[in-house]
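Here is a short tour of a protein fold, meant to be read with the model open beside it. Take a moment to turn the structure around before reading on.

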Amino acid sequence: MLYDAYEVQRSLFAGASKLAGLGAGWLNNPANLLGYNAMGPMVAASLEVFAHAASPRGKPDFGIRAIKIGRKDVRVDEQVLLRKPFGDLKHFAREGHDEGPHLLIVAPMSGHYATLLRGTVQRLLPSFDVYITDWADAKLVPLSDGSFDLDDYVDYLIEFLEHIGKRTGERPHLLAVCQPAVPAFAATAVMNADKRPWRPKSLTMMGGPIDTRKAPTAVNTLATQRPFGWFENNVIATVPMIYPGTGRKVYPGFLQLAGFMTMNLGSHLISHWEMFKHLVVGDEEGAAATQSFYDEYRSVCDMTAEFYLQTVDVVFQRHLLPQGQMEHRGRIVDPSAIRDTALLAIEGERDDISGIGQTKAALDIATKLPKAKKQYFVAKDVGHYGIFNGRKWRDMIAPVVEKFIDANA
């Protein structure tokens with residue numbers, strides 16, 4: 001019923017968005033005399049803000065066609081190297097530049113598409129041969145393709161790393177942004193324990209919930225204040241018949257988005273107010289920056305119920321990884337097994353999703369890794385999204401990542 005009610009609302013808002021967009025276009029038409037009325041620009045701007053906020057969104061494109069390497073423009077081709085039901089291995093091939101280091105970026109499976117890391121990819125492409133996990137929208141995956149949980153997530157990462165290693169003949173590097181820090185660390189531990197030849201040379205974790213008992217945030221508190229059964233009964237929905245994944249149990253992306261929006265409702269309202277003011281005075285370029293951000297931010301996808309619930313249980317409620325009790329396929333994930341994969345933990349000083357110390361915990365539990373192969377960096381005045389996107393990511397954090405990977409190449 002929850003998903004069906006959402007679809008009805010989405011359909012209504014889609015129609016209203018279209019009408020509002022037409023109204024804004026009509027008022028902004030130079031031939032329309034009403035547009036020159038004192039209220040005309042304000043009404044048009046109001047309609048345009050509503051139309052943008054209410055319009056339905058699908059999966060965005062990365063849209064990375066070229067980058068600069070030195071002074072030269074280099075063409076970039078997106079290639080899917082492995083297709084799996086719940087996610088693809090995507091490669092950003094730089095024309096004439098196939099040398100390493102080879103870097104697999106693990107995108108969050110937390111309601112947004114991998115394109116949320118577009119800025120991360122763009123900044124690192126001049127320095128690295130970049131791959132990314134392009135996770136699927138669970139509502140589009142038929143039930144016949146089976147389930148996907150935290151164990152499967154770890155298996156996907158291992159398979160992707162081994163594919164890159166066999167393809168290039170070199171051990172790849174791994175970078176996990178936010179949520180995937182836990183499965184990326186687990187995959188690294190498993191591969192080290194088994195002495196697999198293509199285990200990562202380095203693992204960079206950025207704003208990840210390795211140990212959410214440290215400096216718990218509102219997100220962490222929500223997970224611990226409610227019993228596991230509450231999540232199972234209140235936030236899991238069934239995919240309706242209009243999608244290929246009909247009948248699949250999921251944690252809907254629209255619920256995740258609602259949670260993120262309400263956490264910082266004030267700042268979102270201010271952003272839309274600023275957009276409105278830009279539109280009133282005809283500053284379309286100023287409004288476009290806000291519109292572009294929300295086009296990405298409001299593009300959401302569903303997670304499988306089993307993955308979401310297992311993450312709540314293992315990561316946020318029982319804290320199994322830092323206690324040495326997390327299992328993968330019935331086998332303990334041993335952090336001390338990490339012996340030669342260098343670890344970098346990056347945290348944002350103002351991160352309101354993963355608190356200070358939660359990512360750094362990875363360095364503490366890797367007890368057999370030499371100190372020379374551990375590094376910690378706190379980004380001053382940086383919030384959660386600023387860790388991997390924006391000016392501070394490009395100018396302050398990315399150079400640390402580049403230097404760390406080069407030192408362990």
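The report below starts with the whole chain, then visits the sheets and two of the helices.

**Overall picture**

Please keep in mind that this is a predicted model. The protein has 13 helices and 14 strands, and 53% of its 409 residues count as buried. Its accessible surface comes to about 18,100 Å², with 55% of that belonging to carbon and sulfur atoms. Among contacts with a separation of 6 or more, 77% are between residues 24 or more positions apart.

**Two open sheets**

Nine strands make up one open sheet, in the order S1-S2-S3-S5-S4-S6-S7-S13-S14, with mixed pairing. At its edges are S1 (66–69) and S14 (374–379), each of which pairs on one side only. From one strand to the next, the twist averages 25 degrees. Within this sheet's strand order, S4 and S5 run parallel and are joined by four bridges. A handy spot to look at is Leu 103, which stands opposite Val 130 in S5.

Another open sheet has three strands, ordered S8-S9-S10, and its pairing is antiparallel. Here S8 (237–238) and S10 (303–304) are the edge strands. S9 and S10 are joined by two bridges, and Val 250 stands opposite Thr 304 in S10.

The strand pairs with listed bridges are set side by side here.

| Strand pair | Bridges | Direction | Residues facing each other |
|---|---|---|---|
| S4 (residues 102–106) and S5 (residues 129–135) | four bridges | parallel | Leu 103 and Val 130 |
| S9 (residues 249–251) and S10 | two bridges | antiparallel | Val 250 and Thr 304 |

**Helix H5 and Ala 184**

Helix H5 lies across S6 (173–177), S7 (202–206) and S13 (342–348), and runs at about 165 degrees to S7. Ala 184 has its place in this helix, H5. Is Ala 184 buried or exposed? With a relative accessible area of 0%, Ala 184 is buried. Leaving aside residues up to four places away in sequence, Ala 184 touches Leu 157, Leu 174, Ala 176 and Leu 203. One of these partners, Leu 174, sits ten residues from Ala 184 along the chain, and their C-alpha atoms are separated by 7.8 Å.

**Helix H11 and its neighbors**

Which elements cover the buried residues of H11? The cover includes H4, H5 (181–193), H6 (218–225), H7 (228–234), S9 and S10. H11 is mostly covered, with ten of its 13 residues buried. Among the buried residues are Phe 307, Tyr 308, Leu 309, Asp 313 and Phe 316. Just after this helix, His 319 takes a positive phi of about 50 degrees.

The meeting of H11 with H4 deserves a closer look. Two packed helices are described by the angle between their axes and the distance between the axes. The axes of H4 (residues 150–168) and H11 (residues 305–317) come within 8 Å and cross at roughly 100 degrees. The two helices are therefore roughly perpendicular to each other, since angles of 65 to 115 degrees count as such. On the H4 side, Leu 150, Asp 151 and Tyr 153 take part, and they meet Phe 307, Gln 310, Thr 311 and Val 314 in H11. By kind, the residues of this contact divide into four nonpolar, two polar and one charged. Of the H11 residues in this contact, Phe 307, Thr 311 and Val 314 also appear among the buried residues of the helix.

Conventions
Residues are numbered from 1 along each chain as its sequence is written. This is a predicted model: local features need pLDDT of at least 70, side-chain atom pairs count only at pLDDT 80 or more; totals for chains, interfaces and linings use all residues. Side-chain values use heavy atoms; hydrogens and water are left out. Axes are lines fitted to C-alpha atoms, for helices over the stretch in contact, and angles run from 0 to 180 degrees between N-to-C directions. Angles under 35 degrees count as roughly parallel, over 145 as roughly antiparallel, 65 to 115 as roughly perpendicular and the rest as oblique. Contact means heavy atoms within 4.5 Å. Ala, Val, Leu, Ile, Met, Phe, Trp, Tyr, Cys and Pro count as nonpolar, Asp, Glu, Lys and Arg as charged, and the others, Gly among them, as polar. Buried means under 20% relative accessible area, exposed over 50%, partly exposed in between (1.4 Å probe, protein chains only). Accessible areas come from the Shrake-Rupley method with a 1.4 Å probe; for residues, only the protein chains shown count as cover. Two strands pair if DSSP finds at least two bridges between them.
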